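Here is a short briefing for a first look at this structure. Keep the 3D view open while reading.

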Amino acid sequence: MLLCLAIVLHTGSYMIGFWILAQVFEAAVRPRTRLIGALALATFGVLFALLGFWNDQAASGLLGLTLLFFLVIRLTGLRPAGAVLPYQLYLFFFLLLGLSATTGAVALYEHFDHQLLLNKQRLAGNLLVDNDLQGEFLLAESARDIAADPLIRTKLASAFDNQDVVRQKIVKYYLRGYFNKYEARTTLYDPAGNEMNADAAAPKLAQVRARLLRQASATDLPNVYLLRSGGSFDTRRYAAFVPVRTVNGTVSTVLLELALKKLTANSVVPELLVDQKYFQPTVSSDLSYAGYEDQRLVYSEGDFDYTNNFPLAQFADARLYTTGVVVNKVHHLGVRGPQQRVVVVSSATYAAAEWLANFSFWFLLHLAGMLVAALLYLLFARGPRLTVLRTNFSTKIQLFLNIGIVVPLLVVSLATASLFTDTYKRDLRRSYERRGQLAQQNLLKNRAFLADSTKHNRLTELAENVSTLTETDLNLYDEQGQLLVSSQPLIFEAGLLSSLMNPQAVVALAEHGQPRILLTERAGTLSFNALYLPLRAESASPGGGAVIGYVGIPFFDSAKELNTKLTELTTTILNIFTVMFILFLVLSFVASRFLTRPLKVITEKLRHTTLTGQNEPLGYESNDEIGLLVREYNTMLHKLEDSKRELAMQEKEAAWREMARQVAHEIKNPLTPMKLSLQFLQRALTEKRDNLEDLIGRIAQTLITQIDVLTDIATSFSNFTNLPAMRPEKLAVAEVLRRCVALHQHVALELPENAEHLIVYADENLLVRTFNNLLINALQAIPEGRKPHVVARIELPKPDYVRICIQDNGAGMSDDVREKVFRPNFTTKEKGSGIGLAVARRGIESAGGTIWFETKEDVGTTFCIDLPLAPQ
């Protein structure tokens, strides 16, 4: 879980980080510095990348790659944004994936390189250690306890007793725990120095002591010696001579020989029993090491040839003892020890295939993360958010081409992995059978030991020798399936494996007569394969004699070997998959650009196609689908030219008709109040009223205003405009409304206290026409038989705005009429032109205001105009 979280955080942080850097870079660069910036990015990017990877400096290499990433953005103009997912954004994401994967690969290399350096130092340190001081002290303590043990003293008093009990007690009770990391051998000698329960030809105690002490050095503890072989780097061995005074007063000797266990490739001890750090380190598949004394090679292990390929001059290089040196693509690390000793640990340098494997892992991991994020977005996104993942035609081509290569690659990879796994399992089974037959043949040569219980020591030595020969662990069972001896007795003593043989194997070998059987078993948490073979008595019959025992060979490393092979296969497949994917990504980009280039030309032509200008036909000679589209486009252009001419004539006629209706409507509005004013003046003259002169002045001012309106309309008509040209000026809106209300009967005027100070910036003629139009419509909307009640009022709805409302008690408007009120040519009156409200709305909106209404059937309608107040 922690590893998955770390990977997710790594992926997200690098992607977001590089995206932010790209955004900052795009915002910071200037178009005029395009060439200079590109040259600088290219120069420094290549320089830092080469220096970083040549000198093994990850930070410098990553800086160079980042600069090259910005260079690509600079040259291609990729943008990480867009309403749809164009190919630029598509490629931008994959560039981010590539750069982030490269960063992850470098980080992974740094981690493993540091870990490898620590492993080399630990291995060399273990090789340079001679004495196990704690082990020496514990061995001396165990020797004193053995000498004082009553059972051992009693058993050693009789030379004819079976001494296996003594050996088992010493190993089981006195050489456990800390000594599990040692191979222990116990030899018992009687007071005369003869080996107990051994042949007469066995060497005596004095001879064994002399042989061992020739290559031994005494420790600080009595009777405990450190044994040295020809090379002082290969292993750590101890010998302890324990004198035991028996119950009859004689002195027997127990010889304890301890050798630090050397782990083999097929050993299960580190995984099942104890910590591997306690064991004598051995060369792994990728490490070699050598020991030098005074710059003279004394010991080496591994595949590397130190004699011919490691120059002694490297000992003078200080880097050998710090970061290591590289000679012919092999990295060497030296660790100094006492007495002019040096251990050199070597391994092959990071190969290109390993770099590619790391890059492939991170690239595909990032790609999978991006796909999962996209799927989650699709699952939870709703409404407009889904438009983010829209793609254009170029991106669709690339996506389908990439899917077309990814799916077959995935299928082939899975099929190859399955075939390789089956093949390797068959080869592994054949290898098990060959090693099992080799062990069986060697054991059959000494089959007499199986039936002789007094030859248990010989049988144990035989099992250990065969185990060493075949490089496997080995278990011997009697004819009943009971364990006799094992090369790894600690596994059985720890209860990880049963001392009884697998009953399936007994049935298959004894009852069914099978020559061998391979089963899958478990020891603790480890799953492994176990091969069982029968050991038969000598017989002249073809099938052999009766079964006298069984040999079981547990291949504890089988799962590990299979996993190693699968890892190698997966690495190879990932490398091929990533290279092919990136290659086809580039090819799909080129293909989409090539395929969509004609479409871009057509798009550009369509963008410039107009109804007024001259349109040029496209030239495309191919007979493919795009050629068909081009021909249809050219045909459409010819039809469009004909339609343009016809449409132009229709538009002219419609424009003249529209113009005539608008002018007639605008002229009709001022004529009505002029007629009423003259009739009112005629009546006043007939009645000879006292205020005749004042009345004549007011009516004359009204007539002059309306005549000016007619003059403007005539002038505008002569200039081929739809409406009079606007001449905005500062007006007292209350005064304009008062003059319009005075021309109509049954209209009440409501003004606020500060109405005279409400100044708007508008065309006076526009306001007069609009107010007159609304007042006439309000009066005409009142049905016959209902007393007219029209109110014109001014309000202050919000700061810096004034509202003029005209309310009537007419019939109101139905729902279907409301939507058409401001539509030109729509009217509910028999003699109306339907232009008035449309013209009023356009004029008010051009002055920065709004016009709207509220209505209720059979109650009345209220039209309101909101105008901004003029600045002081």
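Helix 16 (residues 503-511) lies across strand 13, strand 14 and strand 15. Its direction runs at about 165° to strand 13. The model is a predicted one. Two topics follow: a sheet and a pair of helices.

**The sheet**
- The three strands under discussion belong to an open sheet of five strands, in the order 12-11-15-14-13.
- The pairing in this sheet is antiparallel.
- Strand 12 (483-486) and strand 13 (517-523) stand at the edges. Each has a single partner strand, so one side of each is left without a neighbour in the sheet.
- Neighbouring strands of the sheet are turned against each other by 30° on average, direction ignored.

**Inside the sheet: strands 14 and 15**
- Strand 14 covers residues 526-536, and strand 15 covers residues 547-555.
- Eight bridges join these two strands in the antiparallel sense.
- Which residue of strand 15 is the bridge partner of Arg 536? The partner is Val 547.

**The helix pair**
- Helix 21 (residues 764-780) and helix 23 (residues 836-846) have axes that come within 10 Å.
- These axes cross at roughly 140°, and the crossing is left-handed.
- Helix 21 contributes Leu 766, Leu 767, Thr 770, Asn 773, Leu 774 and Asn 777 to the contact.
- Helix 23 meets them with Gly 836, Leu 837, Ala 840, Gly 843 and Ile 844.
- By class, the contact of helix 21 with helix 23 has six nonpolar and five polar residues. No charged residues take part in this contact.

Conventions: Residues numbered from 1 in each chain as written. Predicted model: local features only at pLDDT ≥ 70, side-chain atom pairs only at ≥ 80, totals over all residues. Heavy atoms only, no water. Pairing = 2+ DSSP bridges. Helix = DSSP H or I, 4+ residues; strand = E, 2+ residues; numbered from the N terminus. Axes fitted to C-alpha atoms, helices over the stretch in contact; angles between N-to-C directions. Contact = heavy atoms within 4.5 Å. Left-handed = near helix turned anticlockwise from the far one by under 90°. Nonpolar A, V, L, I, M, F, W, Y, C, P; charged D, E, K, R; others polar.
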